[in-house]
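I opened a new notebook page for this structure. My plan is to look up a few things and write down what I find.

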Amino acid sequence: MAETFLILGGYGNTGRLIARLLLQESDVHVVLAGRSLERAVAEAAALNDAFGAGRASAQRVDAADPSSLLAAFAGVDLVVVASSTAEHVEPVARAAIEAGIDYL
């Protein structure tokens, strides 16, 4: 089974590029996450069109809400933070540690 990487800020400029490279160069599943579920769903659909159905999915996650982060990290192997919210580095890192996943 392929690993699952959640990209926080996955539908932003940097997140989209990271997702495309991961899908192009590996067999991982990517979860595009952020506060806007609509934007994440739209970008996941575009990635699935380009790289095959089921390779990308979307999830609403609020980096300021530890319970939202922990719920999102369930079943994820790695979180990649591609958002520009430096004030949320500590809560995201703490949630990753609590969930037992890797953080980049």
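**Entry 1: the sheet**

I started with the strands. The model is predicted, and in this model I found an open sheet of five strands in the order 3-2-1-4-5, with parallel pairing. The edges are strand 3 (56–60) and strand 5 (102–103), and each pairs on one side only. I noted a general point alongside: strands of a sheet pair through backbone hydrogen bonds, either parallel or antiparallel.

Next I walked across the sheet, pair by pair. Strand 3 pairs with strand 2 (residues 29–34) in the parallel sense, over five bridges. Here I looked up Ala33 and found Gln59 of strand 3 opposite.

Strand 2 also pairs with strand 1 (residues 4–8), again parallel and over five bridges. Which residue of strand 2 stands opposite Leu8? I found Ala33 there. That puts Ala33 opposite Leu8 as well as opposite Gln59.

Strand 1 and strand 4 come next, parallel, over four bridges. Leu6 stands opposite Val79 of strand 4. Last come strand 4 and strand 5, with two bridges in the parallel sense. Leu78 has Asp102 in strand 5 as its bridge partner.

**Entry 2: strand 2 and its cover**

I stayed with strand 2. How many of its six residues are buried? I counted six of six, and the strand is mostly covered. His29, Val31 and Ala33 point one way, while Val30, Leu32 and Gly34 point the other way. All of them are buried. I wrote the general rule beside this: in a regular strand the side chains alternate between the two faces of the sheet.

Then I looked for what lies across the strand. Helix 2 (residues 37–51) lies across strand 2 and strand 3. The angle between helix 2 and strand 3 is about 175 degrees.

**Entry 3: the salt bridge**

I searched for salt bridges and found one in the structure. Which side chains meet in it? They are those of Glu90 and Arg94, at 2.8 Å, N to O. The general idea is simple: side chains of opposite charge can pair when their charged atoms come close.

Both residues sit in helix 4 (residues 89–99). They are four residues apart, about one turn of the helix. I checked their exposure too. Glu90 has a relative accessible area of 48%, so I logged Glu90 as partly exposed. Arg94 reaches 54%, so I logged Arg94 as exposed.

I also looked up Glu98, which lies in helix 4. At 60% relative accessibility, Glu98 counts as exposed. I compared its position with that of Asn13. The two are 85 residues apart in sequence and 28 Å apart in space, C-alpha to C-alpha.

**Entry 4: the largest pocket**

I turned to empty space. A general note: rolling a probe the size of a water molecule over the atoms shows where empty space is left. The largest pocket has a volume of about 350 Å³. It is lined by 20 residues, and those closest to its centre are Gly9, Tyr11, Arg35, Ser83 and Thr85.

Which element gives the most to this lining? I found helix 1, with three residues. Helix 1 (13–25) and strand 2 each supply at least two residues of the lining.

**Entry 5: three single residues**

I picked His88 first. His88 lies in the loop between strand 4 (78–81) and helix 4. Is His88 buried or exposed? With a relative accessible area of 18%, His88 is under the 20% cut-off, so I logged this residue as buried. Leaving aside neighbours within four places in sequence, I found His88 in contact with Ala63 and Ala64.

Ser68 came next, in helix 3 (residues 66–73). Ser68 counts as buried at 14% relative accessibility. With neighbours within four places in sequence left aside, Ser68 is in contact with Arg60, Val61 and Asp62.

I ended on Gly75, in the loop between helix 3 and strand 4. Gly75 counts as exposed, at 69% relative accessibility. I also looked up its separation from Leu6. The two are 69 residues apart along the chain, and their C-alpha atoms are separated by 9.8 Å.

Conventions
Residues numbered from 1 in each chain as written. Predicted model: local features only at pLDDT ≥ 70, side-chain atom pairs only at ≥ 80, totals over all residues. Heavy atoms only, no water. Pairing = 2+ DSSP bridges. Contact = heavy atoms within 4.5 Å. Axes fitted to C-alpha atoms, helices over the stretch in contact; angles between N-to-C directions. Salt bridge = Lys/Arg side-chain N within 4 Å of Asp/Glu carboxyl O. Buried < 20%, exposed > 50% of the residue type's maximum accessible area, 1.4 Å probe, protein only. 1 Å grid on protein atoms, 1.4 Å probe; cavity = no way out; pocket = protein on both sides within 12 Å on 5 of 7 lines; lining within 4 Å. Points joined across faces, edges and corners; volume = space filled by probe spheres on them.
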